[in-house]
Number of protein chains: 2
Amino acid sequence: MDRWQNPDWVKQMALRLDFSRMMADVIGPEHGITRAEINELISRAGVVAADIAKRRQTNELGFYRLPYDVLTAGNLVQIATALREKCGAFIVLGIGGSALGGIALFRSLCHPLHNLLTREKRGGGPRIFFLDNIDPLTCRALLDNIDPAKTIFNVVTKSGTTTETISQFLICRRMLTAKLGKKAAKDHIIVTTENQPNPLRRIAEKEGYVILDIPENVGGRFSVFSPAGLFPAAVAGINIEELLAGAWYMEQRCRTGDIWQNPAYMAGVLHYLADTSKGLNIAVMMPYSDALYQVAIWFRQLWAESLGKAADISGNPVHYGQTPIAALGTTDQHSQLQLYMEGPYNKMITFLLVENHGAGLAIGQETGNDYRYLAGHDLGEILNIEGRSTQLALTAAGRSNMSIILPEVNPFTIGQLLFLLEVQTVFTGGLYNINPMDQPGVQASKDYIYGMLGRKGFEPKAEDAAAWQQRKNPYVIS
Amino acid sequence: MDRWQNPDWVKQMALRLDFSRMMADVIGPEHGITRAEINELISRAGVVAADIAKRRQTNELGFYRLPYDVLTAGNLVQIATALREKCGAFIVLGIGGSALGGIALFRSLCHPLHNLLTREKRGGGPRIFFLDNIDPLTCRALLDNIDPAKTIFNVVTKSGTTTETISQFLICRRMLTAKLGKKAAKDHIIVTTENQPNPLRRIAEKEGYVILDIPENVGGRFSVFSPAGLFPAAVAGINIEELLAGAWYMEQRCRTGDIWQNPAYMAGVLHYLADTSKGLNIAVMMPYSDALYQVAIWFRQLWAESLGKAADISGNPVHYGQTPIAALGTTDQHSQLQLYMEGPYNKMITFLLVENHGAGLAIGQETGNDYRYLAGHDLGEILNIEGRSTQLALTAAGRSNMSIILPEVNPFTIGQLLFLLEVQTVFTGGLYNINPMDQPGVQASKDYIYGMLGRKGFEPKAEDAAAWQQRKNPYVIS
């Protein structure tokens, strides 16, 4: 029996949401939220919840089904297991939602120095890299330092048209072909994409690459529980069945329409009220755990791209969107806390707290007199004391903050956490009456890119860009 | 002759500030700044500049002298050179300003995969680690995977009292003593601290550690050109003389009181006007270069901690402070750009652009039909095209943005960039009439930490914290 099939263990591992420090009776009436304000949203929340339920049934919100897709997970584990033994480096070519989920899983659930460890200490698996930018120095540095014969490239793009990812794919394919020959090269590329005849899929089918499907109606930023996130995780040796079990468990918890019982809905309501009625248009996510930092980076995309919208569903101009920020405790106590304590009242902070870090590091007794107060303490204990101290100091200063508490960091709790945040995002989009699933604002930049790269049909954009370069510019200091 | 002694080369390597896309005649009157608004600040800017000049003379602003301290630099290089051959791992124990400068230099000027390279490919030097958090998993992971006999710990804390750093120091000293004996252990610790009899310095003197001085009146976040930043850089093999030459060059450029000629003052004026009269209270720094991402993280501390203040110099409550954000191009086009394009008009974006990335990576001609538009292009070229496209798209949408342009990334240009940002920060603090050199807001959290750790004199804080833990809390969903 897997541990997640044991109800006692599951109960111990349940995430908790503590939102007391968002409330007016704790941080004061000026910036705090009242029960009445929350209750006023109950009917609106009911409408949003009903709409979500309807769109789940029609599978418009594909991510809701992912925790149930254990067949795919089993298949991924099989492919990954065979591959782990053979390859020395596993490189994900992807960007945005095609990389952030995998990175979050890798960083939260693998050894902090994974790639520096010996193969044995890595559990027999490969080094894992995510090339989520096209910086030529970084890409060349990596390609110059791997053995192509022992490397697998996982090309992840839903549409098969992402300029950055396709550029990398073309470069890596050329290198593989040159070094290994065309026939062998095909075994070093695995494509993760939609099950539609897009250009990448056509190439993959023609060349005979392994293809992993991103299910229908699963957008990039909601794809962590699809093969986009799960396959790299499985290759890294993460127990993806337990991860899905955690997501499934949270999915169950987030079914109730009672916002006082639903952690995702309550978190959504609090963010919405904080932004629209308290002026808190910045949402900081601040884990006190290195492992969770990339979860905050993953959430940063989810929140910004889903809720940052110019128009609501009816087309009215709104320019909504809390700005998400990733911070890290204790590190950012020495960088951002000054601003959070004394700057404008425009932020709410969500702490991600870990009760049991699973490793101790004792300071011991020989501290000398000046450092006597540290004697007998443990590093994990101090980390958590600092988290509590920061919460208390912010609360005493009337600064809105709340906590998501993880009993420990493991696939089950990470599955819960990521799924919670996905539901929270979709629900909050409903409260704002915007579409959380699209990203129309990035097209303008893409059009200029195509224009400057000389793509047919985008000539006017190229001309715009050239004219801009040629203009007289009096506003330069050189 | 070093290349930075060649005036032609220096001129080629000069940074440029292009602020056209902040201006009303380019992005429109609603969010743009006019020449008149800038000129209205000339007299105020003159007062601030005069105040800075005065405080430079009294050496209150110690960081201004650092580019001139070539004797210290020479000494650091000597120590570092001897050490590079001997040690396999160099670990900085520091947090906030004691780590961020060193990390920025290491990431911008060393190989992207430095720690994964063989010793030979690393140029004969050690692996470099910055332990800037007290996560027990991370710390243990590192300590379990180094050879103490070949490791140097550089303990960096100006005050000698930083809880996180001292905790790490005590743990590492204990480990060294246990494994190597007390006598040998002392050669594995180098302390960087103020030249004052603080607790750490007393221990260092008693035990006989090498001690490096942080000069007077150099605060943590302004210490990158002191041994706090320079020594790790030198150990990593970075040419710190050229770095200081770049800082010195920028220091010269930032002497003029004419804000239309002074890049740091103009950048300060633009940030100030954007925040106070255009409602742009978020300052995004977005490099299009992986190497510069940690510069943005370093700046994030500088800007937040210097300008995020509850009171002005006269003690009036103000709650000032733009919120700084670090983003990365092209990666964050697929994460944050949607929000930047369509969300609230509350952001200005400063791009860090690199003209010549110093490495190419060609896509080649065999793209197939669907990807024909990528044929013949190079990855660095596409990176820069994407940067230009993002600027154009933002500009067309009336979104304020500007650029700092680096001809290439090298110690000379990085020296310029960091010094420019330091002067910009101090100058902007003057415009806000706040003290950019203190951080009074972090004390409250420290007091709670001391209380919970059982330090004498902080018992009431411990009681507060205990009472908080015991309170009835109806705002938990579990």
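Me: Two strands pair if DSSP finds at least two bridges between them; in which sense do strand β1 of chain A and strand β13 of chain B pair?

Reply: This is a predicted model, in which local features need pLDDT of at least 70, side-chain atom pairs count only at pLDDT 80 or more, and totals for chains, interfaces and linings use all residues. Residues are numbered from 1 along each chain as its sequence is written, while chains are lettered from A and ligands numbered from 1 in the order in which they are written. Strands (E, at least two residues) and helices (H or I, at least four) are DSSP runs numbered from the N terminus, and Asp18(A) stands opposite Val476(B) in β13(B). Residues 16-18 of β1 in chain A and residues 476-477 of β13 in chain B are joined over two bridges, and the sense is antiparallel.

Me: What kind of axis relates chain B to chain A?

Reply: The copies are superposed by least squares on the C-alpha atoms of residues with pLDDT of at least 70 in both. A rotation of 180° with 0.0 Å of shift along its axis brings chain B onto chain A at an RMSD of 0.0 Å. That relation is the one given by a two-fold axis.

Me: Which helix of chain B supplies the largest share of its side that touches chain A?

Reply: With contact meaning that the C-beta atoms of two residues, placed from the backbone, lie within 7 Å, the interface takes 117 residues from chain B and 118 residues from chain A. The largest share on the side of chain B, 12 residues, comes from residues 379-396, which form helix α16.

Me: Which helix of chain A gives the most to the side of domain 1 that touches domain 2?

Reply: The bounds, which come from an automatic or database domain assignment, give domain 1 as 3-58 + 244-432 and domain 2 as 64-238 in chain A. The centres of these two domains, taken over C-alpha atoms, are separated by 30 Å, and their contact takes 23 residues from domain 1 and 21 residues from domain 2. On the side of domain 1, α12 (240-253), α14 (293-307) and α17 (411-432) each supply at least two residues. The most, nine residues, come from α14(A).

Me: Which residue in the turn between β8(B) and β9(B) has a positive phi?

Reply: Strand β8 (residues 309-311) and strand β9 (residues 317-320) of chain B pair in the antiparallel sense over two bridges, with Lys309(B) standing opposite Tyr320(B). The two strands form a hairpin with five residues between them, and the phi of about 90° belongs to Gly315(B).

Me: Is Ile363(B) buried or exposed?

Reply: Ile363(B) is found in the loop between β11 (347-356) and α16 of chain B, where, leaving aside residues up to four places away in sequence, it touches residues of both chains, among them Leu170(A) and Leu374(B). A residue is buried if 20 or more other C-beta atoms, placed from the backbone, lie within 10 Å of its own, exposed if 12 or fewer do, and partly exposed in between. Because Ile363(B) has 22 C-beta neighbours inside 10 Å, it counts as buried.

Me: What is the radius of gyration of chain A?

Reply: The C-alpha atoms of chain A fill a box of roughly 65 × 60 × 60 Å along the principal axes, and 59% of its 478 residues count as buried. The radius is taken over C-alpha atoms, and the globule rule is 2.2 Å times the number of residues to the power 0.38. A compact globule of 478 residues would have a value near 23 Å, which agrees with that of chain A, 24 Å.

How values were computed
Two strands pair if DSSP finds at least two bridges between them.
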